[in-house]
Amino acid sequence: MEPNLRFGISERQGSIEKSRQLLFTTEDASKHYLDNRRIKDAWNRSLSTVHPDSSKLIPTLFRPAAFLPVTAPVVIMSMMPAKGMNSMVLPQVCLYGYNTAFTITNGNASYRLGSIEKALLGVGVFASSVFFGLIPHMVQMKYPLENFWLKKALPVVFLAQVSGMNVFACRSFERVRGIEVMDKEGRVIGYSRKAGRKAVRDTAISRAVLFGTSALVPEVTIYFLKRTQFFPLTPLSLKMARVSFTLLIMGLMVPASFGMFPQVGQIQCSKLEEEIQSSTEETELFYNRGV
C-alpha cells in the first residue's frame, strides 16, 4: 500500500476514534445531542461507521451511506430488458452479492458466529438469491408474456420478495441463537430468539419495500408517460427517464426504509422467553435491530 493512501486511511480511522472518545468522555452525551454541535457530529459519525454490537469499524463499502451509490445502478440494469445471458445474470450477481455482504455485515452481531459459518452462510444465500432472482427473466426469455402488466409486474414482485428473503436467510442465526436484549441502562439481560425474529422480520419488510417501490414506481411512471404523450418519446429518452426516476425513487426510499423501524428496537418483556422475564423487573427491553 502506498504511503499516502496508508496515511489517509489511518487519518480517517483516527478521526472516527476521536469521535467515539468524545462520546465516551462526555457525560449524558445523548442529552446534549441537539445542544452541542461537536457531540452531534461525533454521534452521527459513530452511528454510521461503527457497528453497535462489536464496536468495530464497518468497511466503507458496506456502510449505510454506500448502499444507494452501489445498488441504484444495479437495480436499473436488472430492470432493463435482457439482451442476452450476460446482461441477465450479471446484474443479479452484483445485486445479491452486495446485498448478502451488506446484510451480514450490518446485522446483529451480539451472538457468536464463526468465520467458516459466516462464509458458508453467505455463499449459500448468495447462490439461492441469484437463482430465484433470475426466474422471472428466464421465464420471459423462454415464454414471452403477452400481458403488459404481468410482464412488468413479475420482475418487481420477485425483486421485492427475494430481497426480503435474502435478509431472512442472511440473519437466520439470529432467530435460532437469539440476540442480546438490554434494559434502559444498557445492561444485558439475556439472549432472546423472539427478539431476534422481530429484528429480522422488521428489517426484511423494510428491504422488500425499498426494492419493490424503487422498481415499481419508475415502471408505472414510464407507462403513463407513454400513454399521455406529453412530449415525443424516443428509445433514448425513455431509457434516460427510467434511469432518472429510479435514482430519484431510490434516493427517497433508502433513508425511508432504513428509518422505517427504529435502529434500537423495543419489545415488551411479557412477549419474551420466561427465563428473560424472570431475570428482570423491567416491562420493556431493547435490542439492536441491525440494518
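Student: How many residues has helix α6, and what does α6 reach from its first C-alpha to its last?
Tutor: This is a predicted model, where local features need pLDDT of at least 70, side-chain atom pairs count only at pLDDT 80 or more, and totals for chains, interfaces and linings use all residues. Residues are numbered from 1 along each chain as its sequence is written, and side-chain values use heavy atoms, with hydrogens and water left out. Helices are DSSP runs of H or I with at least four residues, numbered from the N terminus. The span expected at 1.5 Å a residue is 33 Å, taken as 1.5 Å times one less than the number of residues; α6 (residues 148-170) is close to this, with 23 residues and a reach of 34 Å.

Student: At what angle do the axes of α4 and α5 cross?
Tutor: Axes are lines fitted to C-alpha atoms over the stretch in contact (heavy atoms within 4.5 Å), and angles run from 0 to 180 degrees between N-to-C directions. The axes of α4 and α5 come within 9 Å and cross at roughly 145°.

Student: Is Phe 67 buried or exposed?
Tutor: Buried means under 20% relative accessible area, exposed over 50%, and partly exposed in between (1.4 Å probe, protein chains only). Phe 67 has 0% relative accessibility, so Phe 67 counts as buried.

Student: Why is the pair of Phe 67 and Phe 102 tilted?
Tutor: Rings of Phe, Tyr and Trp (its six-membered ring) pair if their centres lie within 6.5 Å; planes under 30 degrees apart count as stacked, over 60 as edge-to-face and the rest as tilted. The centres of Phe 67 and Phe 102 are 4.8 Å apart, and the pair is tilted because the planes are at 55°.

Terms used:
Helix = DSSP H or I, 4+ residues; strand = E, 2+ residues; numbered from the N terminus.
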